[in-house]
Amino acid sequence: MNAALLLDHLCVSYRSPTGSVPALRDVSLALYDDEILGLVGESGSGKSTLAQAVMRLLEPDAADIRGRVMVGDRDLYGLTESELRQLRWRDVAMVFQSSMNALNPVLSVQDHFTDTFWAHFPTMGLADIRRKTAVLLEQVRLSPRVAQSYPHELSGGMRQRVVIALSLALNPRVLILDEPTTALDVVVQRSILGQVAALQRERRLAVLLISHDFTLVSSLAHRVAVMYAGELMEITDRETGLENTMPHHPYTTGLINATPRIFDDQVRIEGIPGEPPDMAHLPVGCSFYDRCPKRLSICRTTPLPQYESRTYIRCHVVGTQRVEGDLAHER
Ligand SMILES: Nc1ncnc2c1ncn2[C@@H]1O[C@H](COP(=O)(O)OP(=O)(O)O)[C@@H](O)[C@H]1O
Ligand code: SF4
Ligand SMILES: [Mg+2]
């Protein structure tokens with residue numbers, strides 16, 4: 001399988017007057033062609049930092065970045081500014097958190113598309129651009145007439161569809177969606193994400209879908225990566241199970257139990273007790289230790305193992321159970 005996007009031991013620390021604070025800790029992750037990879041975790045766990053580091057949007061003055069981000073065979077951090085401008089949108093496009101509010105209020109929807117096409121193809125004719133815009137709008141279930149509207153004339157859901165259509169304008173191979181529907185109601189959320197999934201299948205896109213909502217993401221994603229305190233704790237897939245019937249990392253189990261399920265009204269919804277650790281003073285062992293119902297003394301003192309496989313669980317207790325389960329399955 002080809003990795004469309006590869007994060008190789010990526011570390012990000014934000015600089016602050018009192019020293020540097022880690023936000024992303026040694027993250028290795030492959031996003032393959034023709035898959036939706038979900039990235040979930042509580043607010044502040046480092047999801048947007050990961051997306052911004054992948055797009056090389058973090059200012060070197062503000063953040064210290066180590067590791068590599070490979071797009072195909074190109075290291076994004078080895079590109080010149082002009083090579084990077086070419087790569088953004090054409091190879092990797094991103095829908096930012098809250099981007100539906102970032103459309104320029106004095107430009108029509110058509111103007112947004114025209115500017116995007118002209119930034120990459122300055123000689124493209126207007127008739128061609130209008131035709132391409134109409135097709136893109138239809139692909140996100142909007143009438144081509146929307147091209148004449150201004151952002152304030154559209155609902156939140158419509159604006160978000162416009163932003164998604166814009167991100168697909170240059171036919172990227174990789175699409176990163178950071179909380180694309182968080183501000184929208186559940187029905188609109190489902191409809192937009194269903195459309196994203198259809199477009200992913202049609203275009204065989206590699207999609208990184210970022211959200212704090214495990215249930216929402218796991219209903220669409222082929223694999224789900226779970227992030228806690230700036231590191232990946234688990235990657236699970238449909239085969240290994242996205243439900244609570246399979247052993248998961250205790251933090252993933254907490255996330256699943258903390259989310260209401262529509263067809264399962266018998267289950268009590270339980271939050272995860274406690275708070276994430278102080279990122280400036282991280283423990284040597286597992287960063288989930290203070291909140292974990294399964295912790296043993298080894299967890300406090302022994303660093304978690306690192307894996308680079310398609311799926312894994314980084315936990316001294318459950319990780320072993322999963323490995324033993326997989327071995328039993330193979331026998
Ligand atoms: N520009 C910044 N400067 C300093 N710290 C930041 C900055 N952006 C994010 N952080 C910190 O990095 C951590 C991860 O934030 P973020 O990536 O936004 O998480 P998420 O998207 O999962 O909510 C948080 O502790 C946040 O306060
Ligand atoms: S390593 Fe230990 S503390 Fe960490 S999640 Fe696993 S059981 Fe809990
Ligand atoms: Mg975020």
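**Ligand surroundings and the second largest pocket**

In this predicted model, 13 residues surround ligand 2, and those that come nearest are Cys286, Cys292, Cys299, Cys315 and His316. Sorted by class, this shell consists of 9 nonpolar, 2 polar and 2 charged residues. The site of ligand 2 is the largest cavity.

The magnesium ion (ligand 3) has two protein donors, the OG atom of Ser48 and the OE1 atom of Gln97, at 2.1 to 2.4 Å from the ion. These donors link distant parts of the chain, being 49 residues apart. Serine 48 belongs to helix α1 (residues 47–54), whereas glutamine 97 is found in the loop between β6 and α3. The relative accessible area of glutamine 97 is 43%, which lies between the limits of 20% for buried and 50% for exposed residues; glutamine 97 is therefore classed as partly exposed.

The second largest pocket encloses about 250 Å³ of space. Its lining comprises 15 residues, and those nearest the centre of the pocket are Trp89, Leu103, His112, Val163 and Leu166. Three elements each supply at least two residues of this lining: strand β6 (92–95), helix α3 (109–120) and helix α5 (156–167). In terms of class, 9 residues of the lining are nonpolar, 5 are polar and 1 is charged.

Notes: Residues are numbered from 1 along each chain as its sequence is written. Chains are lettered from A and ligands numbered from 1 in the order in which they are written. This is a predicted model: local features need pLDDT of at least 70, side-chain atom pairs count only at pLDDT 80 or more; totals for chains, interfaces and linings use all residues. Side-chain values use heavy atoms; hydrogens and water are left out. On a 1 Å grid over the protein atoms alone, a cavity is a set of points where a 1.4 Å probe fits but cannot get out, and a pocket is an open set with protein on both sides within 12 Å along at least five of seven lines; lining residues have an atom within 4 Å of a point. Grid points are joined across faces, edges and corners, and a volume is the space filled by probe spheres set on the points. Helices (H or I, at least four residues) and strands (E, at least two) are DSSP runs, numbered from the N terminus. Ala, Val, Leu, Ile, Met, Phe, Trp, Tyr, Cys and Pro count as nonpolar, Asp, Glu, Lys and Arg as charged, and the others, Gly among them, as polar. Donors are N, O and S atoms within 2.8 Å of the metal (3.2 Å for Na, K and Ca); water is not among the atoms, so sites may look incomplete. Buried means under 20% relative accessible area, exposed over 50%, partly exposed in between (1.4 Å probe, protein chains only). A residue is near a molecule or strand if one of its heavy atoms lies within 4 Å of it. A molecule sits in a cavity or pocket if more than half of its atoms lie within 2 Å of its grid points.
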